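Here's a quick tour of a model you may want to open in your viewer. We'll go through a ligand site, some strand pairing and a couple of internal cavities.

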Amino acid sequence: MITLEGVSKVFTSHGQQVCAVDDVSFDVAEGELVVLIGPSGSGKTTTMRMINRLETISSGRIMVNGRDLRSLDVVELRRGIGYVIQQGGLFPHFTVADNVSVVPRLLGWSGDRRRQRAHELLDLVGLPPDRFADRYPRQLSGGQQQRVGVARALAADPPIILMDEPFGAVDPITRKQLQRELRRIQAAVQKTIVFVTHDIGEAFLLGDRIVLMSDGRVVQDATPADLLRHPADPFVTAFIGEDRGVRSLQFTLLGEIAEPGPADTRANGVALPGSLTIIEAARELGKRGPGAGAGFWISDEEDQPTGYLSYQRFAAVLGDTIAGDHTAEHASEGTDGIPH
Amino acid sequence: MGYLIEHPDRVFELTKQHVELVAISVAFAMLIGIPVGVLITRLRWLEGPIIGTAGILYTVPSLALFAIMIPYTGLGRTTVVVALALYSLLAIVRNTVAGIDGVPPAALDAARGMGMTGRQRLFIIELPLALPVILAGVRIATVAAIGIATVAAVVGVGGLGRLIFDGMRTLNTDRILAGAIVSSLLALLADWGLAWLGGYLRRDIALARLER
Ligand SMILES: Nc1ncnc2c1ncn2[C@@H]1O[C@H](COP(=O)(O)OP(=O)(O)O)[C@@H](O)[C@H]1O
Ligand SMILES: [Mg+2]
């Protein structure tokens, strides 16, 4: 849906040339949420703002639905892209409902339709319209303002949404709540989203894919699981930080660590779906109590057993993963030399 | 106060002339000053020369300005209106610039990002948000113009200045007082009314504009 091809941006400030974005390429598929992450000043905002042409591209090109951005009318392009900025950017002289209805008004929707849509969206972001619709932004907390910002971006149902640190200004508890809500909303509306953050936890929680940037360049572009298992270089490892092992637990599926089982024990014993993460599996096993045999079966969507894990092996993978030692994956690829 | 009670019709007539002079002058100043202020926010290098010129104009004593202008605009309303408008210009231009500069950059960025054209941003976001500051400039200009307009009586255009000048000539303190009191009340009333208008209009103007 969105394709960046060798995109660069050079700013000239005080006679000096600053290369804010340097030869960046990545794709965002339809319905996908791609997180742009990196240290402050790494070019995330600039990259995002080139997608709705708030910044011009110095070289390279960006395609949206197969068409070069530069061939599109800029106003029309922007009306088809929701944009949420860090500071909220609400219009202080408009009520919450009026803020949410700005794009529908620009598009000439009728009053009834606008009001209905605004109420629907306020419900969606957890701000009951009967209490919040007629308030002004200054009467809201930072977190509430950011929710209005999200609702406003969704108002005209744009297929693409750009979010620049949308939850940056809120306390950790509210942020967690907003992140969960975004996941819920995304599951419901399936937008194509580019999401900028510098919070690695947020990136892992929300991203279908994570594009890690540093100094205007893409350092790694991978799924959360791959980023954890195969960090491209020490910078990535350092950026992911100490929690790498623990985080991996949430992205490693039973199906990925299953081993061929002894054929004769197939009849009895516990079976767990291969789509469970290690954490979910551990919780599930704890709930079920001691099972028959020395391990459990792993089944596919049709409930057919596809592999086996001994409790001993499961415990070893659990320990290794937490320790950040990815023997488990390497084992299945046969690169670590440890006998199974 | 005696004069006020004995000749309410005359005082009313002069007050009306006074209000007319001030209203026309300030309206002209707004018509020119607000667009000029907007222009300055777009072409920043204009700020120094324009605000500088308006500042110098503001320091010329009103009697001197009338005297300078009479050869060109004659004895009459034109002279007074042009002079009062020139005096009003500084406050209106300066406050328009300050008001637009004060618009939160995040709001403007969001407006651009959601596909508002330059015109829409100006009329839906910038001017409505700047309106209270612009109106504060109009208030300053109006209050000053009400005072300066009393001097306009020397050019023979009437207004409350007539009472004051007549009073001075005939040594009638009552008349001077009547002129001074009514003109002060007028200034207070304008100050108050414009402040109220500022708060009231802001949201409605923006929304009306958005509908189009
Ligand atoms: N308008 C601008 N003019 C000059 N330099 C800029 C401008 N915008 C951003 N930059 C520079 O580009 C680099 C990347 O900025 P940005 O995209 O905002 O990074 P991030 O969002 O990752 O923090 C920074 O070094 C920043 O100073
Ligand atoms: Mg940024």
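## Residue classes and the largest cavity

First, a bit of bookkeeping: Ala, Val, Leu, Ile, Met, Phe, Trp, Tyr, Cys and Pro count as nonpolar, Asp, Glu, Lys and Arg as charged, and the others, Gly among them, as polar. Keep in mind that this is a predicted model.

With that split, the lining of the largest cavity comes out as eight nonpolar residues, one polar and three charged. The cavity's volume is about 90 Å³, and the structure holds four cavities of 30 Å³ or more. Among the lining residues are A:Arg78, A:Arg79, A:Tyr83, A:Arg152 and, from the other chain letter, B:Met114. On chain A, α2 (74–79), β6 (81–84) and α7 (142–154) each supply at least two lining residues, with β6(A) giving the most, three residues.

## The second largest cavity

Next comes a space of about 60 Å³, the second largest cavity. Its walls are made by A:Val125, A:Arg147, A:Val150, A:Phe167, A:Leu178, A:Glu181, A:Leu182 and A:Ile185. Two elements of chain A, α7 and α8 (172–189), give two or more residues each to that lining, and α8(A) has the largest share with four. By class, the lining has six nonpolar and two charged residues, with no polar ones.

## Around ligand 1

Which residues surround ligand 1? They are A:Phe11, A:Ala20, A:Pro39 and the run A:Ser40, A:Gly41, A:Ser42, A:Gly43, A:Lys44, A:Thr45 and A:Thr46. That shell splits into three nonpolar, six polar and one charged residue. Helix α1 (residues 44–51) of chain A gives the most to the shell, three residues.

For polar contacts, look at the ligand's oxygen atoms. A polar side-chain atom of A:Thr45 sits 2.7 Å from an oxygen of ligand 1, while a side-chain N or O atom of A:Lys44 is 2.9 Å from a ligand oxygen. A:Ser42 uses its backbone instead, with an N or O atom 3.1 Å from an oxygen of ligand 1. Taken alone, ligand 1 exposes 570 Å², and the protein buries 63% of that.

## Strands and a hairpin

On chain A, strand β1 (residues 2–13) runs antiparallel to strand β4 (residues 59–64), paired over five bridges. A:Thr3 stands opposite A:Met63 of β4(A).

β4(A) also pairs with strand β5 (residues 67–68) of chain A, again antiparallel, over two bridges. There, A:Met63 has A:Asp68 as its bridge partner. These two strands, β4(A) and β5(A), form a hairpin with two residues between them, and A:Asn65 in the turn has a positive phi of about 50°.

How values were computed: Residues are numbered from 1 along each chain as its sequence is written. Chains are lettered from A and ligands numbered from 1 in the order in which they are written. This is a predicted model: local features need pLDDT of at least 70, side-chain atom pairs count only at pLDDT 80 or more; totals for chains, interfaces and linings use all residues. Side-chain values use heavy atoms; hydrogens and water are left out. A residue is near a molecule or strand if one of its heavy atoms lies within 4 Å of it. A polar contact is a pair of N or O atoms within 3.5 Å; within protein, one must be able to donate a hydrogen and the other to accept it, and residues adjacent in sequence count only if both atoms are side-chain atoms. Accessible areas come from the Shrake-Rupley method with a 1.4 Å probe; for residues, only the protein chains shown count as cover. Two strands pair if DSSP finds at least two bridges between them. On a 1 Å grid over the protein atoms alone, a cavity is a set of points where a 1.4 Å probe fits but cannot get out, and a pocket is an open set with protein on both sides within 12 Å along at least five of seven lines; lining residues have an atom within 4 Å of a point. Grid points are joined across faces, edges and corners, and a volume is the space filled by probe spheres set on the points.
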